[in-house]
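Me: I'd like to go through this model feature by feature. Could you show me how to read each one as we go?

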Amino acid sequence: MGIDKNRETQPVALDDNEPRNHDAPDNSSPDNSASNGAGSQEEKEIDLLELVYRLWDQRKTLLIWVMWGVLAGLIIAFSIPKEYSTSVKLAPESQSSRTPISGGLGALASMAGISAGGNTGSDAVYPTLYPDIVESVPFAISLFDVPVTNKEGKTFTVREYLEEETRGPWWGVIMSVPGKTIGFVMGIFRGKKDKEKDENHVTNSFKLTPEENGLVMELRKRISASIDQKTNVITIETTMQDPMVSAVLVDTVVDRLREYVTNYRTNKARQDLEYAQKLNDEAQQEYYKAQQRLADYIDRNQNLATRSAQVTQERLENESSLAFNLYNETALQVQSAKSRVQETTPVYTEITPATVPIRPTSPRKGLIIGGCAFLALVACAAWILFGTPLVEEYKKKAHELKAGRSDDNIEEDGESKGWKLWKRSKKGEKKDSDYQDS
């Protein structure tokens, strides 16, 4: 029987029960998946190598960018003024009124960074509150009039030093020019009364002027206090542009903090001492008056032997004795109150005293230069790998678009020329027909 070669072959659907051809490659097998994974890994490696080669081809450009980054880092590093930091470490004595956690719990709490000394007792100014005290507005205002001496021997107040002697980088000066200009213009139009008010102004922590608020914020940046939760060691640090001013200021801050905490802790004991001293003074006056009355009576009645005179003398002697006993008791109370004031006065041990720093703590020139060089390197690499291809692709598309528009213009010019020739041919045919008719 013959076979029709021109007959189209129809696809035959395979039955699910029919055996499949196992010789065909199965992409879902583990071997094939492993080969696909290896292929994708090779493609990634090839892509990475291609990126490395592209960067290596542009190594001169990378070097130029890094040099510009180093130059920018040098300008920034040497434009920032030097800052000197001085730190003092204090160890406050433990209060006997506190009941520390004993045994293993205290050790575990100390290992976990929790103060087991307890914030219990009547003391409400814990060492953990010392940083808040240093950053408070009244504490900062109290430092405005503190005299400080720089390394050249000149003496300023802290306010004068911050306003006149502290300088910033050159870009900060440029950015502050508009504000200073506006302030100068406004100062011209201000009246004499406003100027007199400014001269007679007294700093009030409840209502600060913008200049005073700026000084408080500047002091908060330059004065810091921290506490180790395990050991309760207090670290107070100041940062200034002059090493001598930094050392003097941190010493003053430590003294002011001691005074503040001492005044708080001894406030109740000092009030008790004042009251006991007042009672003692009154008892002393009464005792002296009683003695004087007794002495006057004896002098006036030396030769009298009557019973009434004896009774009066005995009564005056008893009053003098009672006044003396009261005076004696109040004197003992005064001594006891003085001892309580001494007991409640905190004692701080300076672990690390204030010393004049020799080397500046900022700016870190090496870190700034290295950071600028690294940023320049990253920026150049990103431009080579991503920016340049995008620009080339954009230029290519723009060129293709321009070429397409020029081709369209050429076609339009060809069509216009053909249309003109066709019109001319039509006009020629019409003239020929008119001539034949004539």
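**Reading the model, step by step**

Reply: Let's start at the surface. Trp68 is found in helix α2. Keep in mind that this is a predicted model.

Me: Is Trp68 buried or exposed?

Reply: The general idea is a cut-off on relative accessible area: over 50% is exposed and under 20% is buried. Trp68 has a relative accessible area of 59%, so this residue is exposed.

Me: Which nonpolar residues form a patch on the surface?

Reply: The patch is formed by Ile64, Trp65, Trp68, Leu71, Leu74, Ile75, Phe78, Trp170, Ile174, Trp383 and Val391. Together they have about 1,100 Å² of accessible area.

Me: Which helices supply at least two residues each?

Reply: Those are α2 (59-79), α7 (170-189) and α13 (365-437). Helix α2 gives the largest share, with 7 residues.

Me: Now a contrasting case. Where is Thr252, and how do I read its accessibility?

Reply: Thr252 sits in helix α10, residues 243-265. Its relative accessibility is 15%, and under 20% means buried, so Thr252 counts as buried. If you leave aside neighbours within four places in sequence, Thr252 is in contact with Leu143 and Val146.

Me: On to the sheet. What is the strand order?

Reply: Generally, strands of a sheet pair through backbone hydrogen bonds, either parallel or antiparallel. Here, an open sheet of 4 strands runs in the order β4-β5-β1-β6, with antiparallel pairing.

Me: Which strands stand at the edges, and why call them that?

Reply: They are β4 (223-227) and β6 (348-352). Each has a single partner strand, so one side of each is left without a neighbour in the sheet. As for twist, neighbouring strands of this sheet are turned by 25° against each other on average, ignoring direction.

Me: How many bridges join β4 to β5?

Reply: There are 5 bridges between β4 and the antiparallel strand β5, residues 234-240. To see one of them, look at Ser226, whose bridge partner in β5 is Thr235. Helix α9 (residues 210-222) packs on this sheet and touches β4 and β5, with its direction at about 45° to that of β4.

Me: What is unusual to check in the loop between β4 and β5?

Reply: Look at the backbone of Asn232, which has its place in that loop. Asn232 has a positive phi of about 65°, although this residue is not a glycine.

Me: And which peptide bond is cis?

Reply: The one from Ser362 to Pro363, with omega near 0°. Pro363 lies in the loop between β6 and α13.

Me: Thr361 is in the loop between β6 and α13 too. Which residues is Thr361 in contact with?

Reply: Neighbours within four places in sequence aside, Thr361 is in contact with Glu83, Tyr84 and Ser85. Take Glu83: Thr361 and Glu83 are 278 residues apart in sequence, yet 5.9 Å apart in space from C-alpha to C-alpha. At 40% relative accessibility, Thr361 counts as partly exposed.

Me: Let's zoom out. How many helices and strands are in the chain?

Reply: The chain has 13 helices and 6 strands. Of its 438 residues, 23% count as buried. The chain exposes about 32,200 Å², and carbon and sulfur atoms supply 56% of that. For contacts between residues at least 6 apart in sequence, 78% join residues at least 24 apart.

Technical notes:
Residues are numbered from 1 along each chain as its sequence is written. This is a predicted model: local features need pLDDT of at least 70, side-chain atom pairs count only at pLDDT 80 or more; totals for chains, interfaces and linings use all residues. Side-chain values use heavy atoms; hydrogens and water are left out. Patches are made of residues with over 30% relative accessible area and no salt bridge: like charges are joined within 9 Å, nonpolar side chains (Val, Leu, Ile, Met, Phe, Trp, Tyr) within 5 Å. Accessible areas come from the Shrake-Rupley method with a 1.4 Å probe; for residues, only the protein chains shown count as cover. A salt bridge is a side-chain nitrogen of Lys or Arg within 4 Å of a carboxyl oxygen of Asp or Glu. Buried means under 20% relative accessible area, exposed over 50%, partly exposed in between (1.4 Å probe, protein chains only). Contact means heavy atoms within 4.5 Å. Two strands pair if DSSP finds at least two bridges between them. Axes are lines fitted to C-alpha atoms, for helices over the stretch in contact, and angles run from 0 to 180 degrees between N-to-C directions.
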